[in-house]
Amino acid sequence: STHGTHHQDHHAGHAQPAIVVTPGERPSAGHAAHTGHEHVGHVKAGQAHSAHDHAGMIADFEALVSKFPNTAAAGDAYFQIGRGYFDLKTKDSYAKAVAPLHKAIEQDSKKWLDKASQLIISCHYLREDVDGLAKEVDAYIERKKDAAISPAVLTFLGLRYFERNNFRASARYLARAATPENPDATDTVVWNFLGLAELENGNYL
């Protein structure tokens, strides 16, 4: 299945002086200028890193929360750790991103529920982890009834559960992907399989 997801959060790689990131702000990956002073002192958590140094950024923030677990910025640090793992773009790193993103939500759900949940959902989707993805989508919707879930994610779940003959789950996700008020905006495959799933469920449309 194709993954037309929404993670194009990359910046143009113009060099500029490294900056210190304030809580809640994402380190501007790709913007760190090479000043020749990289080895003077220790790299501070929050300093901008090059696009190829996500691992260094992760280590910096992990050191921060390890040393100061009760800091007010812990939620921000956990989010940056999760975001760093996500940006490594491997199946393994997507898996590693999930726990710190959950911790970010635990620390400050008002601030991180949406951003962290979207990344967690993306991690499971990109790993094609059907059950993990369904669990996170359900948890997000339970906490926020009007949660915006990518139609690609909902369609993926609907089709995979249809293949498993779990027609109730299939219909639930496909119905959320559908736009009855504007039918043409919904992919034909969604309408087709939603109709088939509802027939199996005894709900004749």
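Biologist: Are Tyr125 and Phe156 buried or exposed?

Modeller: Tyr125 is buried, and Phe156 is buried too. Keep in mind that this is a predicted model.

Biologist: What makes Tyr125 and Phe156 an aromatic pair, and why is the pair called edge-to-face?

Modeller: Their ring centres lie 5.5 Å apart. The cut-off for a pair is 6.5 Å, so they pair. The planes stand at 80°. Over 60 degrees counts as edge-to-face, so the name follows. The structure holds 6 aromatic pairs.

Biologist: Which parts does the pair of Tyr125 and Phe156 tie together?

Modeller: Tyr125 lies in helix 4, residues 109-126. Phe156 lies in helix 6, residues 151-163. The pair therefore links parts that are 31 residues apart in sequence.

Biologist: Why is the pair of Tyr161 and Tyr173 called stacked?

Modeller: The ring centres are 5.9 Å apart, within the 6.5 Å limit. The planes meet at 20°. Under 30 degrees counts as stacked, so this pair is stacked. Tyr161 belongs to helix 6 and Tyr173 to helix 7, residues 167-177. The pair ties together parts 12 residues apart in sequence.

Biologist: How do you know that Tyr161 counts as buried?

Modeller: Its relative accessibility is 7%. Buried means under 20%, so Tyr161 qualifies. Tyr173 has a relative accessible area of 3%, so Tyr173 is buried as well.

Biologist: What sits over the ring of Tyr173?

Modeller: The charged end of Arg172 does, 4.7 Å from the ring centre.

Biologist: How do you know that the span of helix 8 agrees with its number of residues?

Modeller: Helix 8 has 13 residues, 188-200. At 1.5 Å a residue, the expected span is 18 Å. The end C-alpha atoms are 19 Å apart, which agrees.

Biologist: Which residues of helix 8 are buried, and how do you know that they are on the same side?

Modeller: The buried ones are Val190, Leu194, Gly195, Ala197 and Glu198. They cover an arc of only 165° around the axis, so they sit on the same side of helix 8. In an α-helix there are 3.6 residues a turn, so residues three or four places apart point the same way. The cover over the buried residues of helix 8 includes helix 6 and helix 7. On the face turned away from the buried side are the exposed residues Thr188 and Glu200.

Biologist: What makes Asp187 a cap for helix 8?

Modeller: A side-chain oxygen of Asp187 lies 3.1 Å from the backbone nitrogen of Val189. The limit for a polar contact is 3.5 Å, so the distance fits. Asp187 caps the N-terminal end.

Terms used: Residues are numbered from 1 along each chain as its sequence is written. This is a predicted model: local features need pLDDT of at least 70, side-chain atom pairs count only at pLDDT 80 or more; totals for chains, interfaces and linings use all residues. Side-chain values use heavy atoms; hydrogens and water are left out. Helices (H or I, at least four residues) and strands (E, at least two) are DSSP runs, numbered from the N terminus. Buried means under 20% relative accessible area, exposed over 50%, partly exposed in between (1.4 Å probe, protein chains only). A charge sits over a ring if NZ of Lys or CZ of Arg is within 6 Å of the ring centre and within 35 degrees of the ring normal. The expected span of a helix is 1.5 Å times one less than its number of residues. The arc is that of the directions from the helix axis to the C-beta atoms. Contact means heavy atoms within 4.5 Å. A polar contact is a pair of N or O atoms within 3.5 Å; within protein, one must be able to donate a hydrogen and the other to accept it, and residues adjacent in sequence count only if both atoms are side-chain atoms.
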